[in-house]
Amino acid sequence: MAKHKGRAWHVRLLAAALGVTAMAAGASVWTAQAGTAEAGPRAGVSSPEAGHEDQVTKVAEDIAHASDRGARGVNITIDDGPDPNWTPQVLRLLKDSGVKATFCMVGTQAQAYPNLVKEVVADGHRLCNHTVSHDTAMDKKSEAYQAKEILDAERMITKASGGVRPQYYRAPGGAFTPYSRKLAASRGMRPLGWNVDTKDFERPGVDTMVATVKREISDGPTVLFHDAGGDRSQTLAALGQVLPWLREQGYSFGFPVR
């Protein structure tokens with residue numbers, strides 16, 4: 001999500017996250033997983049889900065932009081949900097269009113709506129970690145804070161999904177740091193950027209959003225939309241136009257490279 005997004009949404013998420021993390025503080029295992037700041041995160045550590053001992057494989061630390069469908073691939077990414085009103089509508093539109101997307105979920109939202117997380121997975125989409133509280137200034141915070149935001153969100157999303165882990169990590173507002181990228185990659189989550197920002201969070205109008213995609217898709221394949229944070233009716237209308245247009249131009253829909 002871009003840094004220009006509304007403060008009110010961030011404040012609501014932060015308030016929810018503070019309540020969640022306060023209750024979970026005593027049981028949090030993030031310090032053991034992250035290691036010390038000097039040593040950096042370790043690859044191959046066990047899942048943060050209590051009692052779950054599967055191993056994860058480290059992925060590349062650089063920010064992914066390319067599509068697994070090659071030069072004519074497009075990655076549709078959906079941020080900030082799940083949302084009980086808008087996520088089901090986005091899912092129906094994607095299903096009707098035969099398109100798979102990557103859903104970048106906020107931890108507290110995933111925890112609140114686990115059935116929607118499971119529905120996203122059941123429809124064949126991929127999960128992405130978008131932190132616990134969507135703090136767009138987290139790149140200015142301590143490594144301990146960054147680790148808790150990333151690892152607690154990973155735990156929340158994995159639990160909500162029924163055990164399916166997020167495969168990517170998208171920093172709120174692009175607030176990546178070398179440390180956060182390394183930590184996410186050590187947990188098997190490829191840092192994920194974007195090439196086309198539709199600015200749908202600002203509701204600039206459907207025609208403007210569609211024109212942005214048409215103008216900027218040549219800059220790279222990863223397109224940013226949202227399914228939470230307010231009225232997403234413009235997003236739905238824009239997706240309804242953008243998806244068939246991309247197909248007509250010879251693009252195919254895939255996932256970001258890992």
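Lys-58 sits at the halfway mark between hidden and open: in this predicted model, Lys-58 is partly exposed, with a relative accessible area of 36%. Its salt-bridge partner is Glu-61, and the two side chains come to 3.0 Å, N to O. Glu-61 is also partly exposed, at 26% relative accessibility.

That pair is one piece of a bigger count, as the structure holds 9 salt bridges. Here are three of them, for a quick look.

| Salt bridge | N to O distance |
|---|---|
| Lys-58 and Glu-61 | 3.0 Å |
| Arg-190 and Asp-62 | 3.1 Å |
| Arg-165 and Glu-154 | 2.6 Å |

Take Arg-190 and Asp-62, whose side chains meet in a salt bridge. This pair ties together distant parts of the chain: Arg-190 belongs to strand β5 (residues 190-191), while Asp-62 lies in the loop between α2 (30-34) and β1 (73-79), 128 residues apart. Arg-190 is buried, with a relative accessible area of 8%, whereas Asp-62 is partly exposed at 42%.

Then there's Arg-165 with Glu-154, bridged at 2.6 Å. Arg-165 comes from the loop between α6 (143-161) and β4 (168-169), Glu-154 from helix α6, and 11 residues separate them. Is each partner buried or exposed? Arg-165 is buried at 16% relative accessible area, and Glu-154 is buried too, at 0%. The story doesn't stop at two residues, either: Glu-154, Arg-165 and Arg-187 are linked in a network of salt bridges.

Now over to helix α8.

In α8 (residues 206-216), the buried residues are Met-209, Val-210, Thr-212 and Val-213. Looking down the axis of α8, they fall within an arc of 155°, so they line one face of the helix. As a reminder, an α-helix has 3.6 residues a turn, so residues three or four places apart point the same way. The face of α8 turned away from the buried side carries the exposed Asp-207 and Arg-215.

What do the buried residues of α8 pack against? Their neighbours are β6 (196-197), β7 (222-226) and α9 (233-248). The α8 and α9 axes are 9 Å apart and the helices pack at about 35°, in a right-handed crossing. On the α8 side, the contact is made by Val-206, Met-209, Val-210, Val-213 and Lys-214; α9 brings Gln-234, Thr-235, Ala-237, Ala-238, Gln-241, Val-242 and Trp-245. Sorted by class, that contact has 8 nonpolar, 3 polar and 1 charged residues.

Key. Residues are numbered from 1 along each chain as its sequence is written. This is a predicted model: local features need pLDDT of at least 70, side-chain atom pairs count only at pLDDT 80 or more; totals for chains, interfaces and linings use all residues. Side-chain values use heavy atoms; hydrogens and water are left out. Buried means under 20% relative accessible area, exposed over 50%, partly exposed in between (1.4 Å probe, protein chains only). Helices (H or I, at least four residues) and strands (E, at least two) are DSSP runs, numbered from the N terminus. The arc is that of the directions from the helix axis to the C-beta atoms. Contact means heavy atoms within 4.5 Å. Axes are lines fitted to C-alpha atoms, for helices over the stretch in contact, and angles run from 0 to 180 degrees between N-to-C directions. A crossing is left-handed if the near helix is turned anticlockwise from the far one by less than a right angle, and right-handed if clockwise. Ala, Val, Leu, Ile, Met, Phe, Trp, Tyr, Cys and Pro count as nonpolar, Asp, Glu, Lys and Arg as charged, and the others, Gly among them, as polar. A salt bridge is a side-chain nitrogen of Lys or Arg within 4 Å of a carboxyl oxygen of Asp or Glu.
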